[in-house]
Amino acid sequence: MELKDKLKQGIEAAVAKALADGKLPEGGYPEVVLEVPPQKEFGDFSTNIAMQSARVAHMSPAAIADIIIANMDYDWLEKAEKAGAGFINFFVKNDMVYDTLKTVLEQGVCYGTQPVREDDTIQVEYVSANPTGPLHVGHGRGAAYGSALVNLLRAAGYKVESEYYINDAGNQIDNLAKSIDARYMELLDMKSEFPENGYHGQDIVETAQSIINWRGDFFAVLSEEERLPFFKEFGLTEKLNALRVSLRNFNVDFDHWFSERSLHRSGEVTKAIQFLKDTGDVYEKDGALWFASTRYGDDKDRVVIRENGEPTYLASDIAYHRNKFERGFKKMINIWGADHHGYVTRVKASMQALGYNPDRLEILLLQMVALYRDGELVKMSKRTGQSVTLDELIEEVGVDAARYFFLMRSLDSQLDFDINLAASKSNDNPVYYIQYAHARIHSIFNQVKEAGIAYGDWANVKFDTLTSELELDIIKKLGAYPEEIRQAAEHRAPHRIARYLYDLAGLFHSFYKQGRIMGVDSDLQQARLGLITAIADVLRNGLSILGISAPEKM
């Protein structure tokens, strides 16, 4: 049992005893919540249960705290102290701390990972960029965050399915085909007019050139109406394959790729809009069909079918999210860019109009990324003159650094990405600092093996030889990891894992300077080898959640 769980049970037992003895009145007492105090002098854990119980017990928090403390006579508890307006601070005995270290070593790299629950599956949809060109750095942040969140939820015991929604229908794909067509004709020195809303990236030129390399001017003799369908399919396939490669190279994989086209071909868009017409939530006006979203909190009604009979993006999204509900997901998480803020209400309104609980759809908004090099804002790629792509950023700083920098801040804060720092091989670079801790530990393992020292059988190791304040702090930090995973998953906050790993790496680097392993008493040597093994296991586990490698050599 984790130390925190043991303490929580101890507090609950103390409250139960006080109730049985008549020291506390009967009532619905709140759940015990434990926190790690910001300063060590306040103990290993703290709770505000006495303050939270004041209204139930009709007593002062201080009096309730005294009663709870009086009923907490446990051999594993050093002491409990009342603080402030009714906080209780707990100091556990070192024996319990050593048990934590044993648990970490028993579970190895699986430590902190919770068993899979029997709950229904959570679906996480993210990136879902239009397949009309390469991914840019904003997509990169969404890809890093989404994949880390999927890993984090799975580590916390949730069943998760990840999905990429392919926007392969609508005007953007038509414009892709027209853009390829214009570049194709241009490269053949033939008359062409670039579409008003076309795509100007160098990748479109390269796509057109690849068609020429394959079939020359074969398509030039065809009419535009005959060329465009082929260019649409060719371009869509090429761009989608490129997206898959970029994401795979960024350690991002999806369980399912869902095609928008399939919604139109199956008639699901028509069925969803017809359902809303039947319920009176879609009405006709000026030749178009409108969704009465103001009934559900939107600031104005929205067009779903244009005057020309073409469905809007909202119509497809209504059908898509209806499809998600029908697939039976317990919870759906969408990760969108901050520019979609105004879209949230209308999508949730449509789900409510369809008869679903909109609270089952959780929409997270990622703030923007600003790239800096040499202290200057980077707006364009030096190579293409267009927006910096994810592939270009990876090429410059590497996958691990890119992922960590995207993940080290909460998703609702704007991210300033320092390219120079991310590319540096120094302890100022946080991901290098963490990975170097892991590699340093394996360097110690190699030294120990070369010296012929056996280790790894922890059953009879005397961990009570670890008595320094720093050693005990490290073990307590390791003990906090399972709760960190739970909290990070609950709050959709992979940045908490990034911060935790940085703090743990910092404790190890301090230990490395102070705590020798070679040339010390054999009992202490084995205990310290166990300690750094546990650190390495947790670093590796945490880095895997973030989708970052844990090198053994640097």
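**Aspartate 400 and a five-stranded sheet**

Hi everyone, let's start with aspartate 400: leaving aside residues up to four places away in sequence, this residue touches Val431, Gln435, Gly547, Ile548 and Ser549, where contact means heavy atoms within 4.5 Å. Please keep in mind that this is a predicted model, in which local features need pLDDT of at least 70, side-chain atom pairs count only at pLDDT 80 or more, and totals for chains, interfaces and linings use all residues. Residues are numbered from 1 along each chain as its sequence is written, and side-chain values use heavy atoms, with hydrogens and water left out.

Aspartate 400 sits in helix 14, residues 399-407; helices (H or I, at least four residues) and strands (E, at least two) are DSSP runs, numbered from the N terminus. Is this aspartate 400 buried or exposed? Aspartate 400 is buried, meaning under 20% relative accessible area with a 1.4 Å probe, protein chains only. Aspartate 400 has no salt bridge, that is, no side-chain nitrogen of Lys or Arg within 4 Å of a carboxyl oxygen of Asp or Glu. The nearest side chain of opposite charge, arginine 403, is 6.5 Å away; Lys and Arg count as positive, Asp and Glu as negative, and His and the chain ends are not counted.

Now to the sheet. Five strands form an open sheet in the order 7-6-5-11-12, with parallel pairing; two strands pair if DSSP finds at least two bridges between them. Strand 7 (256-259) and strand 12 (361-366) are at the edges with a single partner strand each, so one side of each has no neighbour in the sheet. Strand 11 (residues 331-337) pairs with strand 12 over six bridges, and isoleucine 333 has glutamate 362 in strand 12 as its bridge partner.

Methods
Buried < 20%, exposed > 50% of the residue type's maximum accessible area, 1.4 Å probe, protein only.
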